[in-house]
Amino acid sequence: TLRKPISQSSMADWASKNLNMHTQGIFRRRISISNMLSWNGGSIKKPMLITSNRTIKKEACEMFKLVQSYMGDRQTRMDRNHVALVTVTKCWSMQGLRDELYIQLIRQTTDNTCYRSLAWGWELMAISLAFFSPSPKFQSYLEGYIYRHLDSDENIAQRIKELVDLKNKKNSKSRKKRKQNTEDEGLPISTYAKYCYRKLQKVAVTGGKKGLRKPTVEEITHARNAIVTPSLFGSSLEEIMLRQQDMYPGNKLPWVQTQLSQQVLALGGEQTEGIFRIPGDIDEVNALKLQVDQWRIPSGLSDPNIPASLLKLWYRELEEPVIPQQFYKECISNYENPDAAVAVVQLLPELNRLVLCYLIHFLQIFAQPSNVGRTKMDVNNLAMVMAPNCLRCQSDDPRIIFENTRKEMSFLRMLIVHLDTSFIKGLV
């Protein structure tokens, strides 16, 4: 469900306080906010947002040219993948540029009369959201802009037609005309907007790309493909099962879950000290994630902490947790009662029940005394690291979150100790 963000009047108020108002002409007249936030075919001489950072001031103007190049509004020798890579890397490395990029994209996708350019602007926004979030103060503004485009395809087509007619009247004898294109080239704008809206909600909570390695062309391509082909990470269980229907029609469990679990065991994870507690190298985890999203498990893995970290990430990023939200209260109410805790599992939807039982069966392997001696991860430790990946507290009250964390851990511990998962053996 999409929550309605701030109103258009609040967005206008935000813009009036934060936009670095540009001027034009020999009398340096101020450009109106509406013109500041409408497509511009020229360059800019200062940032769109107020800043005192000299580096940001310089980089912002260069970045505007990159945005125009990606959208096809400025000629460049670089291919679009490379343009996106340079743009994203600048913002990933320099936090102060992130809001600037998003406001530039808002500008260049407003009153844009070329549909292809418009679509590519939205595409660059979607790609950027895979790597970094806007600042908290800018998030609500960006959210409001995206929200207005969720069901706007007819309005956009009509608006483009109006703008083209207006320009044709004004510039009937102009020397140079921009190529007008109102035909649908590629995806509807609402498709990009819906993807960006969901992506913004997630990246604001989880943060963007982590690690020391800079973004790569492969990651750019993957981020673009995810607009049409949802990732195995961050989707719902139902979507994941639907996607794997062609390749693994007989599977009752998500391929990503079983494959990563088997990799942890194949690399000796049940004999590795601190498994699930010690994180794998983040750059290697990112690299494995790219491979898994292409339905591949590389053969050169040696550290079980890499697939273990990615497996935790997969559970944590599910659109809805393994134990759906409507069962949360029942779980934390029965955190000390083994029979009641087991009974909750039987109430879950069939797919969720199988996925949870597979996870518990997997954790029961690590909870065996012979393995605990090596891993130093007893049932309490296992419950502590895995509970946040299965249950999500919706409260914003720190006291409730703290109190419920203890109950979540205790509930998962009950399942590891008491849930009969023998039926899951051999299930894929």
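## Around the cavity and along the helices

Let's start with an empty spot: S236, L237, E238, E320, P321 and N352 line the largest cavity. That lining splits into two nonpolar, two polar and two charged residues. The space inside comes to about 50 Å³, and the count of cavities of 30 Å³ or more is one. Keep in mind as you look around that this is a predicted model. As for how such a gap turns up at all, rolling a probe the size of a water molecule over the atoms shows where empty space is left.

Now zoom out to the annotated stretch. An unreviewed UniProt entry carries the annotation "domain: Rho-GAP" for residues 235-423. Over residues 235-423 the chain is 61% helix and 0% strand. The C-alpha atoms at the two ends of that stretch sit 27 Å apart.

Next up, the charged pairs. Side chains of opposite charge can pair when their charged atoms come close. In this model the count comes to 14 salt bridges. Take R198 and E239, which form a salt bridge with their closest N and O atoms 3.8 Å apart. R198 belongs to helix α9 (residues 189-206) and E239 to helix α11 (residues 237-243), so this contact ties together parts that are 41 residues apart in sequence. Both ends get some solvent: R198 is partly exposed, at a relative accessible area of 34%, and E239 is partly exposed too, at 26%. The pair also has company, since R198, K202, E239 and E319 are linked in a network of salt bridges.

A second bridge joins E219 and K209, with 3.2 Å from N to O. Here E219 is in helix α10 (residues 217-228), while K209 is in the loop between α9 and α10, and the two are ten residues apart. What about burial? E219 is buried, and K209 is buried as well.

For a bridge inside one helix, look at E350 and R353, whose side chains meet at 3.2 Å, N to O. They are three residues apart in helix α17 (residues 350-366), which means about one helical turn separates them. Are the two partners buried or exposed? E350 is partly exposed, with a relative accessible area of 47%. R353, at 16% relative accessibility, falls under the 20% cut-off and so counts as buried.

Finally, the rings. The structure holds 13 aromatic pairs. One of them is W14 with Y141, a tilted pair at 4.9 Å centre to centre and 35° between the planes. This pair links distant parts of the chain, with W14 in helix α1 (residues 8-18), Y141 in helix α7 (residues 136-147), and their positions 127 residues apart. W14 is buried at a relative accessible area of 12%, and Y141 is buried at 5%. Another pair is W255 with W295: their ring centres are 5.3 Å apart and their planes at 50°, so the pair is tilted. W255 lies in helix α12 (residues 255-266), whereas W295 lies in the loop between α13 (282-292) and α14 (305-317), and this pair links distant parts of the chain that are 40 residues apart. W255 is buried, and so is W295.

Going back to W14 and Y141, F138 joins them, and W14, F138 and Y141 form one aromatic cluster.

Methods:
Residues are numbered from 1 along each chain as its sequence is written. This is a predicted model: local features need pLDDT of at least 70, side-chain atom pairs count only at pLDDT 80 or more; totals for chains, interfaces and linings use all residues. Side-chain values use heavy atoms; hydrogens and water are left out. UniProt positions are given in the numbering used here, feature names are shortened, and annotations may be inferred rather than shown by experiment. Helices (H or I, at least four residues) and strands (E, at least two) are DSSP runs, numbered from the N terminus. A salt bridge is a side-chain nitrogen of Lys or Arg within 4 Å of a carboxyl oxygen of Asp or Glu. Buried means under 20% relative accessible area, exposed over 50%, partly exposed in between (1.4 Å probe, protein chains only). On a 1 Å grid over the protein atoms alone, a cavity is a set of points where a 1.4 Å probe fits but cannot get out, and a pocket is an open set with protein on both sides within 12 Å along at least five of seven lines; lining residues have an atom within 4 Å of a point. Grid points are joined across faces, edges and corners, and a volume is the space filled by probe spheres set on the points. Ala, Val, Leu, Ile, Met, Phe, Trp, Tyr, Cys and Pro count as nonpolar, Asp, Glu, Lys and Arg as charged, and the others, Gly among them, as polar. Rings of Phe, Tyr and Trp (its six-membered ring) pair if their centres lie within 6.5 Å; planes under 30 degrees apart count as stacked, over 60 as edge-to-face and the rest as tilted.
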